[in-house]
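Here are three short exercises to work through with the model open beside you. Try each task before reading its solution.

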Amino acid sequence: MIRGKVFGGLGLRLVHSVVNAGTGKVPLKMWTEGLPVEGVARSQLKQTAALPIIHEKGIAVMPDCHWGIGATVGSVIPTKAAIIPAAVGVDLGCGMMAVRTSLKAVDMPDSLKTIRYAVERAIPHGRSSGGGRGDKGAWRGDEPAEVGLRFRNELFSDFTRIAAKHPRIAKGNLVNHLGTLGTGNHFVEMCLDETDSIWLMLHSGSRGVGNRIGMYFIELAKKDMRKHIRDLPNKDLAYFKAGSDHFDDYLYAVGWAQRFAKVNREVMMNSFLKALRESVPESLRGFRADLLAVDCHHNYVNREFHFGEDLLITRKGAVCAEKGRYGIIPGSMGAKSFIVQGKGNAESYNSCSHGAGKGFMYFRRKKVLRLLRETCVRRHFA
């Protein structure tokens, strides 16, 4: 559960290169100098840039980019009055949350086993029984009161509206996944920053319901494209245009899933904090957890204003780095994580990397962090 330190240091030179500059094609703005970019990822990026719906200022490519299903992970895709469901993906609203506490390293016991077991009991994780009734990664009638309350107050009515038009989305896990971690690279951990303050951090998204929404609309987009465009370079790049049958429904549904993801992380963090309070000595249970809280999606779509136009910005493995906005870039197991603050770089659509990169060795991760200097600034929390 202890996986590294939370740092704020991203401090080197500013650089990005432009592919397709001066060719009349939509550019690829690459924050990848000195880093290998897979050939399949380059081909995927060029196919995406060739779509007629991409804004002429081009696609921003983050230093941790790699091939992904639907679109390149680590890409920021600006579209005009259209959206590519497979680029947004199926882990809708996947992202990070971190909270700084008033606890220090010296407050922790030599063995964290008791805390670890308490957290594992408090937050359902993993998957069993094929995701069915006995799934250990879902609530089984033992959820905290907060789960039902927040679902009813914040999510239920809008989901009912979506499911009424698209009933397939309603078939599967729903409220029993709210406040649960999931599988894959999702994690819960306790970290130390450079002042030895203790942070709680977690990574998760919209769980089973987000996956259903994503898969359902990806297939609808492919069907719609077969009716209208037969020479699409890749079927995964099928898109909905504004005014088409499913454009508004998709944006409404994906927006709901992103809200579910955010609430999911908040509920888990509350469970994490409760488990920690119950595990430390009574004299420490009044510790503060409101010193700084950061929550950010890194797999989502959002309506934003860039270069004088209203655009739909899809960040597939990228974090919003508007000027002054906090974000989280987690390290891989055993590596440092970073709390960053955006610089508002217009060329990247106010975006930065979301991680160290798939399969990158340590020296390559250091290069990734150097390249982030253009989009994020160093933050220390004393």
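Before we start: strands and helices here are DSSP runs, with at least two residues for a strand and at least four for a helix, numbered from the N terminus. Keep in mind that this is a predicted model.

**Exercise 1.** Find where Trp67 lies, then work out which surface patch Trp67 helps to make.

*Solution.* Start with the chain: Trp67 sits in the loop that runs between β4 (59-66) and β5 (73-79). Next, check exposure. Its relative accessible area is 42%, and partly exposed covers the range between 20% and 50%, so Trp67 is partly exposed. Patch residues need over 30% relative accessible area. Finally, look for partners: Val40, Trp67 and Ile69 make a nonpolar surface patch of about 340 Å².

**Exercise 2.** Decide whether Lys235 is buried or exposed, and say which patch Lys235 belongs to.

*Solution.* First locate Lys235, in the loop between α5 (207-228) and β10 (240-241). With a relative accessible area of 60%, Lys235 counts as exposed, because the cut-off for that is over 50%. Now add the company: Lys235 joins Arg168, Lys171, Lys223, Arg226 and Lys227 in a positive surface patch.

**Exercise 3.** Place Arg265, judge its burial, and list what its side chain contacts.

*Solution.* Arg265 is part of helix α6 (residues 247-279). Its relative accessible area is 0%, and buried means under 20%, so Arg265 is buried. Now for the contacts. A polar atom of the Arg265 side chain lies 2.8 Å from the backbone oxygen of Gly93. The Arg265 side chain also makes a polar contact of 2.9 Å with the side chain of His297.

Definitions and conventions:
Residues are numbered from 1 along each chain as its sequence is written. This is a predicted model: local features need pLDDT of at least 70, side-chain atom pairs count only at pLDDT 80 or more; totals for chains, interfaces and linings use all residues. Side-chain values use heavy atoms; hydrogens and water are left out. Patches are made of residues with over 30% relative accessible area and no salt bridge: like charges are joined within 9 Å, nonpolar side chains (Val, Leu, Ile, Met, Phe, Trp, Tyr) within 5 Å. Accessible areas come from the Shrake-Rupley method with a 1.4 Å probe; for residues, only the protein chains shown count as cover. A salt bridge is a side-chain nitrogen of Lys or Arg within 4 Å of a carboxyl oxygen of Asp or Glu. Lys and Arg count as positive and Asp and Glu as negative; His and the chain ends are not counted. The place of a charge is taken as NZ of Lys, CZ of Arg, CG of Asp or CD of Glu. Buried means under 20% relative accessible area, exposed over 50%, partly exposed in between (1.4 Å probe, protein chains only). A polar contact is a pair of N or O atoms within 3.5 Å; within protein, one must be able to donate a hydrogen and the other to accept it, and residues adjacent in sequence count only if both atoms are side-chain atoms.
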